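The following exercises concern the local environment of selected residues. Please work through each task before reading its solution.

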Amino acid sequence: MKSKKMNDCLNRFHVAMPKPRDHKERPVCIPQAVLEARAKQAAENEKRPTEKDLENENGGAGVYSASLKKNYILAHDEWKEDIMPEILDGHNIFDFVDPDILIRLEELKEEEGIRQAEVDDDVEMSGTELSPEESKKLAEIREKKRLLIQQHRIKKSTAESRPTVPRKFDKDREFTSRRIGRQLSALGIDPSMAINRARSTSVSMRGRKRERSVDDKGINEGGADHMDVDTLKKKLRSMSRPRSRSRSRLPTDFVCGDGFKDSDQKSKALHKARKSVKNRNKNARRGETD
């Protein structure tokens with residue numbers, strides 16, 4: 001004590017120094033329940049590391065990758081990082097994986113190339129085995145095949161950017177009656193009937209006067225079935241009349257299946273519907289809940 005009255009109070013203090021009565025150790029005795037309570041409290045006060053803390057400790061965002069398997073409840077913790085098998089139709093896909101499949105594929109391609117070369121050598125014909133006429137036909141066939149392949153490639157490359165144009169706007173004149181005649185004649189077929197049919201249905205023939213066919217002439221010459229011919233003409237005349245434009249349907253017109261008895265009931269329902277939303281529209285509300 002630091003004071004002026006220290007000497008006056010010093011005779012009032014007595015410092016006792018205990019002396020051991022024996023050599024037996026007497027440590028601090030804390031009950032087990034108290035120790036358990038302290039441990040539990042310390043565990044509660046200890047901060048649990050979050051994924052954000054782990055991310056900052058292991059390199060930050062973009063470097064740290066959180067493990068989605070560390071919280072799995074398994075019999076052994078070392079099973080958590082095992083690769084899970086992929087099952088398809090009750091079979092493990094890994095059982096069907098062949099590690100040497102790429103090497104075998106290369107070997108198979110080499111073997112196929114050798115066999116294809118052997119087949120080409122057997123099939124290919126040399127010029128000495130063909131006569132001049134056969135060589136000329138073979139050259140024509142190969143040239144025609146080359147042109148067809150080239151035309152197909154041009155069409156395929158421009159199919160996406162080229163619109164579909166009707167045949168009547170064919171500027172290249174690819175689809176003509178002369179071409180039909182040549183192709184049918186090359187096949188050994190008489191093209192006269194096909195050409196006449198194409199000319200009769202062409203656009204340039206629509207404005208001409210309709211002529212009687214050979215069958216009608218035969219019927220008139222025979223002097224029979226005049227009624228059938230007249231009926232056929234009336235039918236064609238009725239089919240050639242222009243169709244009138246369909247009339248637009250009004251909102252109040254009755255349509256079967258709308259749930260109304262007639263057009264009057266439908267018009268009343270529409271009137272009530274317009275009247276019910278009038279106040280709502282005045283308040284500029286979008287709906288009943290607005």
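**Exercise 1.** In which loop is Asp89 found? Classify its exposure and examine its backbone.

*Solution.* The model is predicted, with local features requiring pLDDT of at least 70 and side-chain atom pairs pLDDT 80 or more, while totals for chains, interfaces and linings use all residues. Residues are numbered from 1 along each chain as its sequence is written, and side-chain values use heavy atoms, leaving out hydrogens and water.

Step 1: Asp89 is in the loop between S1 and strand S2 (91–92); strands are DSSP runs of E with at least two residues, and helices are runs of H or I with at least four, numbered from the N terminus.
Step 2: Asp89 is exposed because its relative accessibility is 69% (buried is under 20%, exposed over 50%, partly exposed in between; 1.4 Å probe, protein chains only).
Step 3: Although Asp89 is not a glycine, its phi is positive, about 55°.

**Exercise 2.** Determine whether Lys80 counts as buried or exposed, and list its surroundings.

*Solution.*
Step 1: Lys80 occupies the loop between helix H3 (51–57) and strand S1 (87–88).
Step 2: Its relative accessibility is 16%, so Lys80 counts as buried.
Step 3: Leaving aside residues up to four places away in sequence, Lys80 touches Lys69, Lys70, Tyr72 and Leu74 (contact: heavy atoms within 4.5 Å).
Step 4: A polar atom of the Lys80 side chain lies 3.4 Å from the backbone oxygen of Tyr72.

**Exercise 3.** Locate Val28 and state its exposure.

*Solution.*
Step 1: Val28 belongs to the loop between helix H1 (6–9) and helix H2 (32–45).
Step 2: With 75% relative accessibility, Val28 is therefore exposed.

Technical notes
Polar contact = N/O pair within 3.5 Å; in protein donor to acceptor, adjacent residues only side chain to side chain.
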